[in-house]
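Reader: I would like a close look at one part of this model, taken slowly and in connected prose. Please start from the way the part is divided and work inward from there.

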Amino acid sequence: MEPVRITGLVHDYVTRDEEGNNTETKRALDHVELNVEEGQFIAVLGANGSGKSTLAKHINALLLPTQGRVLTCDMDTADDRYLWEIRKSAGMVFQNPDNQIVATVVEEDVGFGPENLGIPTEEIVQRVTDSLAAVGMTKYGESSPNRLSGGQKQRVAIAGILAMEPKCILMDEPTAMLDPIGRREVLETVHRLNREKGITVILITHYMEEVIDADRIFVMDAGRIAMQGTPREVFTRIGDLQELRLEVPQVTELAHLLSERGIPMPPSVLTPEEFVTAYKEVAGNTEATARTNVVGLLENEPPKAVGRPNADVSAAGSPDTEAEAPVLSMRDVRFVYGVGTAFETVALEDVNLDIFQGEYIGLIGHTGSGKSTLIQLLNGLERATAGTVRYLGEDIFGEGFNRRQLRSNVGLVFQYPDHQLFEATVIGDVSFGPKNQGLSAEEIRERAEWALTLTGVSQDRWQSSPLELSGGQKRRVAIAGVLAMKPKVIILDEPTAGLDPAGRDEILGEIDRIRRETGMTVILVSHRMEDVARFADRLVVISDGRIVFADPPRDVFHHREKLTSIGLEVPQVTQVMQMLSAEGIPCREDAITVEEALDGFGVAGA
Amino acid sequence: MLRDITIGQYYPAKSCIHRLDPRTKIVGTLLYIVSLFLFRSFSGFLVVGTAFAGVLILSRVPFRYMLRGLRPILMLLLVTVLCNFFLTSGEVLWQWKFLKITREGLERGAFMGVRLILLIFGTSMMTYTTTPNQLTDGLEKLLSPLRVIHFPAHEIAMMMSIALRFIPILTEEAERIRKAQMARGADMESGGPIKRAKAMMPVFIPLLVSAFRRAFDLAMAMEARCYHGGEGRTKMRPLRYRSADLIGYIYLACYMATIISLRIWMKI
């Protein structure tokens, strides 16, 4: 049996007007050829809109080919007779954990597939028990899905597929909406199923770290397979990947840059461990081959504080800022949810934090750590159970304090742009904030145009509906909607969630530019260390409702063990530098970006 | 958190009433409601009260939870009772200008009040001891004979169960959207009813869009898991009557027989 064989697959999305006339044809898949062997772990990579989800839907017969042929487990998807057999053999896990769970009890949801297949009751019970055990969710069998974390919900969804006894599992960006812990849970589960039960896995994603263990990678671009091969083969083509809006793991990039600069690192380093081994070998060989530049490098002290790309980082805790009054300050803040009910939970405890004008704060913590609560306290959407929050020295819940005014000074952009976009046009939507501020029509228009220009939304989009935009564009409009109120502080909750690597870097670059141009204070909430390490002056790490660190990134990353213990990781490149340094190899131990690490090897700009 | 609020008012306990088949409880509640309208004198309440008290004790649901169930209908109760007090003609006991209370009015008001209270107690008993899921299952099974006349019993039950799953999710989402708009200076609290209704648009539209998206996603996920309606579908937890249900039905039959015979021979 061959799990998937695709030949010459073309898919057109056709838009029709009311009379049924074909108004627009968009080619989503363009002559795709793809074969998957039994028991393989396959990854399909691609930027947003590259056609990878459409491809997955074809394998599951949720879409039918415009041209070409798709064979799933040797059955033609175009043949009606095989429909249920195909869907049973190639189960599909979708991106949004909430939108694929049907029942109100975990067990019943897992049983949903077998029920549809008409399996006898006793066997369903057995399959449900086995499937829940296989994804490690046995003890949640009787829980409500609403009480589970994102990672747990995705595991329930996988169990729901397993209960149909599939030969192949398709996963359409299953981790895009999860935090790092959830991602790890889901990936470990599918890898185990692949290894132990021999189930073929097809994982669609744009996270490169997730695919280094795959047997084979297909990279999609504009509906075509642009590259394929083993992870090592694909990841050596860094330039090509970047052109396809993707990225490689930081260690791979670093090794590649080193070899470009004359240090003979192998081009296909995929993990920190591989990097350290390879580098040690290179450094050891240098005596024999007498490569002067490497020897010279090893003898030199690593250039510690030389040429820090973000030297202004050190200003965060320096005397001149301490003298200044903070924009926002929290004192002994405690926040309790559902006071007096059975569901009382302490979300924040003992929180003391000062945020200064012009600072770039990275707020890091897991889902449920209290970070969302914290940002809502800062603009008065929630009121602290105890303690005070002050804006420019004034208690925001003090007598006569104007909280609506505060919200336009402390702008908050929530995670999902879809939660705030509602007007018919982009510019109308961005005007909503200034309109609420009671500005004149002229000023409102000026503000909206200013904000849209600043976030890089091109003018020809201003009159279109926000719902028609791509994920990255929506995000920009949402940010513009808050910027248009000209806040002094802007808080962004997970602004890069769900974007592909290039889209993520663009948004982060945009935010940094806005901050430099306007002098705004930025608070960026994220669970990706790499996102915040590059730009933030200070990292505020929060865990279980308490602030664990509030220091410059470099200082925070020194405490790798503590971070690991609360489930956070330092950026991969920092991790490698720390490992090298532990082996006694001179390098820049405190490097937090690839550029700094290069700099530490004394080859930057070479 | 909103997600923790369960819909309905299930009171978790392990009693024999909780364990009854939902069909038994639905049928029981319906017959109980009918029985309340079968008599016209206070003595009938004695029978109903005794029968209900028995079930209440067995169910282990605290009596104050029953009282709590009355809270939403307090106004209705008050209006019913007062209207009967003042608007029934008969032997005048007390009069002040055009307001008068009659003996018949007092009796009727009290009678209506007690009947309404017992009605609510009975239905609360069902919702306190049956999860919304079980109720859905029970309804599906009870209505399934109607499939012969093309009544979509399975589809209705499936819709109810999906609604139960998504109501808390959408409630939470509505709250998040409200906050996102408040963060943009939206004013949701002040102004008259029209202004406030207009102020809800920025919440309503994104919520609607999201609900449609979820519906679309869910439909696709259900199809991918081979859902194709109720035809040829089996159940993981099929409803099965147990001996306790037989006892329940016997209890119910005795109760109805008592009420009906009292009605016929004692003219209560």
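Author: In this predicted model, the domain assignment splits chain B into domain 1, made of residues 2-130 together with 239-266, and domain 2, which covers 144-224. Taken over C-alpha atoms, the centres of domain 1 of chain B and domain 2 of chain B are separated by 33 Å.

Helix 5 of chain B, residues 74-87, deserves the closest look. With its 14 residues, helix 5 of chain B reaches 20 Å from its first C-alpha to its last, which is close to the 20 Å expected at 1.5 Å a residue. Its buried residues are B:Val81, B:Asn84 and B:Phe85, and, seen down the axis of helix 5 of chain B, these fall within an arc of 105°, so they line one face of the helix. The general geometry is worth recalling here: an α-helix has 3.6 residues a turn, so residues three or four places apart point the same way. What the buried residues of helix 5 of chain B pack against is strand 2 (99-102) and helix 6 (103-129) of chain B. On the face turned away from that buried side, helix 5 of chain B carries the exposed residues B:Met75, B:Leu76, B:Val79 and B:Leu87.

Turning from the helix to the partner chain, 45 residues of chain B are in contact with 55 residues of chain A. Helix 8 (153-182) and helix 10 (201-224) of chain B each supply at least two residues of the side of chain B that touches chain A, and helix 10 of chain B gives the most to that side, with 14 residues. Sorted by class, the side of chain B that touches chain A holds 24 nonpolar, eight polar and 13 charged residues.

Chain A, for its part, is divided into domain 1 (4-238), domain 2 (249-299 + 571-606) and domain 3 (311-570). The C-alpha centres of domain 1 of chain A and domain 3 of chain A lie 34 Å apart, and the contact between these two domains takes eleven residues from domain 1 of chain A and 13 residues from domain 3 of chain A.

A word of caution belongs with chain A, which averages a pLDDT of 88, with 93% of the residues scoring at least 70. Over residues 287-321 of chain A, however, the pLDDT is below 50, although this stretch has 37 contacts in the model beyond near neighbours in sequence. Where pLDDT is low, the predicted coordinates should not be read in detail.

How values were computed
Residues are numbered from 1 along each chain as its sequence is written. Chains are lettered from A and ligands numbered from 1 in the order in which they are written. This is a predicted model: local features need pLDDT of at least 70, side-chain atom pairs count only at pLDDT 80 or more; totals for chains, interfaces and linings use all residues. Two residues are in contact if their C-beta atoms, placed from the backbone, lie within 7 Å. Helices (H or I, at least four residues) and strands (E, at least two) are DSSP runs, numbered from the N terminus. Ala, Val, Leu, Ile, Met, Phe, Trp, Tyr, Cys and Pro count as nonpolar, Asp, Glu, Lys and Arg as charged, and the others, Gly among them, as polar. Domain bounds come from an automatic or database domain assignment. pLDDT is the predictor's confidence in each residue, from 0 to 100. The expected span of a helix is 1.5 Å times one less than its number of residues. A residue is buried if 20 or more other C-beta atoms lie within 10 Å of its own, exposed if 12 or fewer, and partly exposed in between; C-beta atoms are placed from the backbone. The arc is that of the directions from the helix axis to the C-beta atoms.
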